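Colleague: I am new to this structure and would love a close look at how its interior is packed. Could you walk me through that part, and then show me what lies around it?

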Amino acid sequence: MKLNIKILVPILGLIVLLGCSSNKKNKSPITKEATQEMTAAKILGNPDYLAISYGGYREKTREVQPTIIELKEDLKLLHAMGIRILRTYNVQTDLPHASNILKAISQLKKEDPSFEMYVMLGAWIDCLNAWTDKAPNHDVESIQNEGEIERAAALANKYPNIVKVIAVGNEAMVKWATSYYVQPNVILKWVNHLQELKKKGDLPKDLWITSSDDFSSWGGGDESYRVKDLEDLIKAVDYVSMHTYAYHNSHYNPEFWKVPDNEHQLSDKEKIDNSMLRALEFAKKQYKDVSEYIKSIDSSKPIHIGETGWATTSSGVYGVNGSRATDEYKQGLYYKQLREWTNKERISCFYFEAFDEQWKDAQNSNGSENHFGLFTLNGEAKFPIWTLVDKGVFDGLTRNGNSISKTFNGNVDALMQEVLVPNTSYNR
């Protein structure tokens, strides 16, 4: 059931709007703040400092690390589109990706004093026996956690003008992360440790400490998560970093995704557009639920979005034989609407993610996890950022030796041939 309708004019209007939240080519906003040293408190919630999750991996394995040259190539692209703070995920010794990003940013700043980029540095947290052939023990932490925290702290001290946030764990408390999740007391332990280092002057005093986790882990869902250790964690972090994924919930919690009875007479495009408005409301609802709980514990605590995104290819449950949530048109709507909402409300949103990464589902090239990027592996700009190509913000920049062009050769009709009306009536 492919969409075959003439919608060129409305879509082109959308494309023009999609670029509204990005800055002019290669220029940081000229504000009083820009002349001062930026801190997390000044960056987070500032719509002039757009955030994104970034992994620069090109190959099907993380054993092949991006080079500094490749990272600098990516950073220039992100800077051109108005991104000013990146999120990374680990500092493991055999994966120097994050430390190399910091090196690349440092080099770019020396080469061009106007280059401005900051980092939310992730420290990966596991339980005992995570990712092994032994049963994970979710009540005991991995011995690797201590080293991960030490390395994150060392990098924050080495690059204090770049690292503005340390995130202790990524989806490390949510119970569907069955391979590795830990109890909140583990995250609390390391957050308190980092906060104590700040008090002693062993970390920059303006460095913010958080944990980045699913909305439910922050008390926005099942009440079983609302334990004393979580309350203490909320008080301990400098801000809350929550994740929300309407995309995944189009399969796992599809009530919002279903075309309601009163919309069956609408055109296919209207059904799709309305479904994406409901997806945005889904994200807003999860943010609101987290906010209400957090404010009941600490009314002063800022709340930002550490992850949310939309995939553009799926051979699985989000594709043609599943919820049919997956394509660039829907990604474009979600990205535009999300940026408008979060910028207006001064919520930082680390959109997931900058570039496609094929290592995430290496055995299935069409797996959705490989296709959350705003850019393809070879540097084609997907529909959400076509307008930036039109504006010339990527002129002279490349990825993997390729200049930046539009997917589908910029042909809207060709793009729309892959767009499907949402579906919830399939075997789950």
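Modeller: Happily! Let me begin with a word we will need: two residues are in contact, or touch, when they have heavy atoms within 4.5 Å of each other. Please also keep in mind that this is a predicted model.

With that in hand, let us start at W218. Leaving aside residues up to four places away in sequence, W218 touches S211, D213, L230, L233, I234, V237, V240, S241, M242, V290, Y293 and I294. W218 belongs to the largest nonpolar core, which has 117 residues. Along with L78, M81, L86, W310 and F394, W218 is among the members that touch the most other members of this core. Helix α9, residues 268-297, supplies the largest share of the core, with 10 residues. There is also a second, separate core of 14 residues, and M38, L44, I85 and M120 are included in it. As general background, nonpolar side chains tend to be buried together in soluble globular proteins.

Since α9 came up, let us follow this helix to a partner. The axes of α9 and helix α10 (residues 328-345) come within 10 Å and cross at roughly 40°, so α9 and α10 are oblique to each other. Their crossing is right-handed. On the α9 side you will find K269, I272, D273, M276, L277, A279, L280, A283, K284 and Y287, and these meet Y329, K330, L333, Y334, Q337, L338 and W341 of α10. Sorted by type, the residues of this contact are 12 nonpolar, one polar and four charged.

Another pair of helices can be set beside that one. Helix α3 (residues 68-80) and helix α4 (residues 97-111) pack at an angle of about 65°, and their axes are 9 Å apart. Angles of 65 to 115 degrees count as roughly perpendicular, and α3 and α4 are therefore described that way. This crossing, too, is right-handed. From α3 the contact draws on I68, L71, K72, L75 and K76, and from α4 on H97, N100, I101, K103, A104, I105, Q107, L108 and E111. Here the division is seven nonpolar, three polar and four charged residues.

Now for a polar side chain: N170, in strand β6, which spans residues 163-170. N170 counts as buried because its relative accessibility is 7%, and the cut-off for buried is under 20%. Apart from residues up to four places away in sequence, N170 touches R87, Y89, W124, Y180, S212, H243 and E307. N170 and I125 are 45 residues apart in sequence, yet their C-alpha atoms are 7.2 Å apart in space.

Finally, a few details of the backbone. W131, in the loop between β4 (127-128) and β5 (137-141), has a positive phi of about 60° although it is not a glycine. With a relative accessible area of 54%, W131 is exposed. N400 is not a glycine either, and has a positive phi of about 55°. You will find N400 in the loop between β11 (398-399) and β12 (402-403), where its 31% relative accessibility makes it partly exposed. The last detail is the peptide bond from F352 to E353, which is cis, with omega near 5°. E353 sits in the loop between β10 (349-351) and α11 (386-391).

Note on methods
Residues numbered from 1 in each chain as written. Predicted model: local features only at pLDDT ≥ 70, side-chain atom pairs only at ≥ 80, totals over all residues. Heavy atoms only, no water. Axes fitted to C-alpha atoms, helices over the stretch in contact; angles between N-to-C directions. Helix = DSSP H or I, 4+ residues; strand = E, 2+ residues; numbered from the N terminus. Parallel < 35°, antiparallel > 145°, perpendicular 65-115°, else oblique. Left-handed = near helix turned anticlockwise from the far one by under 90°. Nonpolar A, V, L, I, M, F, W, Y, C, P; charged D, E, K, R; others polar. Core = buried A, V, L, I, M, F, W, Y, C linked by side-chain atoms within 4.5 Å. Buried < 20%, exposed > 50% of the residue type's maximum accessible area, 1.4 Å probe, protein only.
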